[in-house]
Amino acid sequence: MQTTVRRAADADLDALSQTLALAFEGYPWTNWTVAADNHVGRLRNLYRLYAQADGLPFGEVWVTGGCESVAMWMPPDHRGPSDDALERLAPAIARLFGDRLEAAHDAEAVIRALRPEAPHWYLATMGTRPEHQGRGLGSEVIAPVLARCDADNLPAYCDTSTERSVRFYARHDFAVVAETDVPDGGPHVWLLGRQPRPAS
């Protein structure tokens, strides 16, 4: 049965942030970077903040009909929120990361150092609610931007800290281009890249 995939809107913020929070509960990266107390609540509010401040206005957020699966992409010309906006958001971000704020900054710096400078689409996050996993929804929700990458002859990149996700992305022509350990005992991280498919 064909899955309905669409661009997300502000009305989807609650549902998509809940989906991402549930999808990344127990995930090595978020376990390392987000405080343990009220962990899922922190994740939900962080994903909502990022989607509202960056993903929706400056990127593209794709969801299945009921937001059972979510993909947040940043385009090649991504500029993100202004410095003033980031300054206003900083207290909320610090509160949500809690005692893992410094670890989160350090971990993000590791990933940023691995990313290429050449223009590309970046899959900032993709997740599916646990009860809907294994049905191909993740594949459906990343398909629109991958098709555009092919049409525009642009690469795509993403990162992950699980081997399961490495295998998932490999099915969509992503290959490991770099990997490293986050310092001070943090998770192992893979950077994955996908070259555009040639026109048939």
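## Buried arginines, aromatic pairs and overall fold

At a relative accessibility of 2%, Arg194 counts as buried. This value, like the others in this report, comes from a predicted model. Arg194 belongs to strand β7, which covers residues 188–194. Its side chain makes a polar contact with the side chain of Asp150, at 2.9 Å. Apart from residues up to four places away in sequence, Arg194 touches Leu146, Cys149, Asp150, Pro155, Ala156, His172, Asp173 and Phe174. Asp150 is thus named both as a touching residue and as the polar partner of Arg194.

**Two further arginines**

Arg42 is found in helix α3, residues 39–58. With a relative accessible area of 13%, Arg42 is buried, because the limit for that class is under 20%. The side chain of Arg42 reaches a backbone atom, the oxygen of Leu96, at 2.9 Å. Neighbours within four places in sequence aside, Arg42 is in contact with Val34, Ala35, Asp37, Arg95, Leu96, Phe97 and Gly98.

Arg6 is part of strand β1, residues 5–7. Is Arg6 buried, partly exposed or exposed? At 27% relative accessibility, Arg6 counts as partly exposed. A polar atom of the Arg6 side chain lies 2.9 Å from the backbone oxygen of Gly65. The contacts of Arg6, leaving out neighbours within four places in sequence, are with Asp12, Val61, Trp62, Val63, Thr64, Gly65 and Cys67. Arg6 and Arg135 are 129 residues apart along the chain, and their C-alpha atoms are separated by 17 Å.

The polar contacts of these three side chains are set out below.

| Arginine side chain | Partner | Distance |
|---|---|---|
| Arg194 | side chain of Asp150 | 2.9 Å |
| Arg42 | backbone oxygen of Leu96 | 2.9 Å |
| Arg6 | backbone oxygen of Gly65 | 2.9 Å |

**Aromatic rings**

How many aromatic pairs does the model hold? The count comes to 5 aromatic pairs. One of them joins Phe168 and Tyr169, edge-to-face, with 5.0 Å from centre to centre and 80° between the planes. Phe168 and Tyr169 are both buried. Tyr169 also pairs with Phe174: the ring centres are 5.4 Å apart and the planes stand at 65°, so this pair too is edge-to-face. Tyr169 has 6% relative accessibility and counts as buried, and Phe174, at 5%, likewise counts as buried. Phe174 is also one of the residues that Arg194 touches. Elsewhere in the chain, Phe24, Tyr27 and Tyr47 form one aromatic cluster.

Charged groups sit over rings as well. The charged end of Arg100 is placed over the ring of Trp32, 4.5 Å from the ring centre. Arg115 lies over the face of Tyr122, and here the distance to the ring centre is 3.6 Å.

**Positive phi outside glycine**

Cys67 is not a glycine, yet its phi is positive, about 60°. Cys67 is placed in the loop between β2 (60–64) and β3 (69–74). Its relative accessible area is 1%, so Cys67 is buried. Cys67 is also among the residues in contact with Arg6.

Asn153 is another residue other than glycine with a positive phi, near 60°. Its loop runs between α6 (137–152) and β5 (156–160). Is Asn153 buried or exposed? Asn153 is exposed, because its relative accessible area of 59% is over the 50% limit for that class.

**The chain as a whole**

The secondary structure comes to 7 helices and 7 strands. Read from the N terminus, the order of elements is β-α-α-α-β-β-α-α-β-α-β-α-β-β. The radius of gyration is 16 Å, which agrees with the value near 16 Å for a compact globule of 200 residues. Along the principal axes, the C-alpha atoms fill a box of roughly 50 × 35 × 35 Å.

Of the 200 residues, 48% count as buried; Arg42 and Arg194 are among the buried residues. The accessible surface of the chain is about 10,300 Å², and carbon and sulfur atoms account for 49% of that area. Among contacts with a separation of 6 or more, 73% come from residues 24 or more positions apart.

Conventions:
Residues numbered from 1 in each chain as written. Predicted model: local features only at pLDDT ≥ 70, side-chain atom pairs only at ≥ 80, totals over all residues. Heavy atoms only, no water. Helix = DSSP H or I, 4+ residues; strand = E, 2+ residues; numbered from the N terminus. Buried < 20%, exposed > 50% of the residue type's maximum accessible area, 1.4 Å probe, protein only. Polar contact = N/O pair within 3.5 Å; in protein donor to acceptor, adjacent residues only side chain to side chain. Contact = heavy atoms within 4.5 Å. Phe/Tyr/Trp six-rings, centres within 6.5 Å; stacked < 30°, edge-to-face > 60°. Lys NZ or Arg CZ within 6 Å of the ring centre and 35° of its normal. Rg over C-alpha atoms; globule rule 2.2 N^0.38 Å. Areas by Shrake-Rupley, 256 points an atom, 1.4 Å probe, with all protein chains shown as cover.
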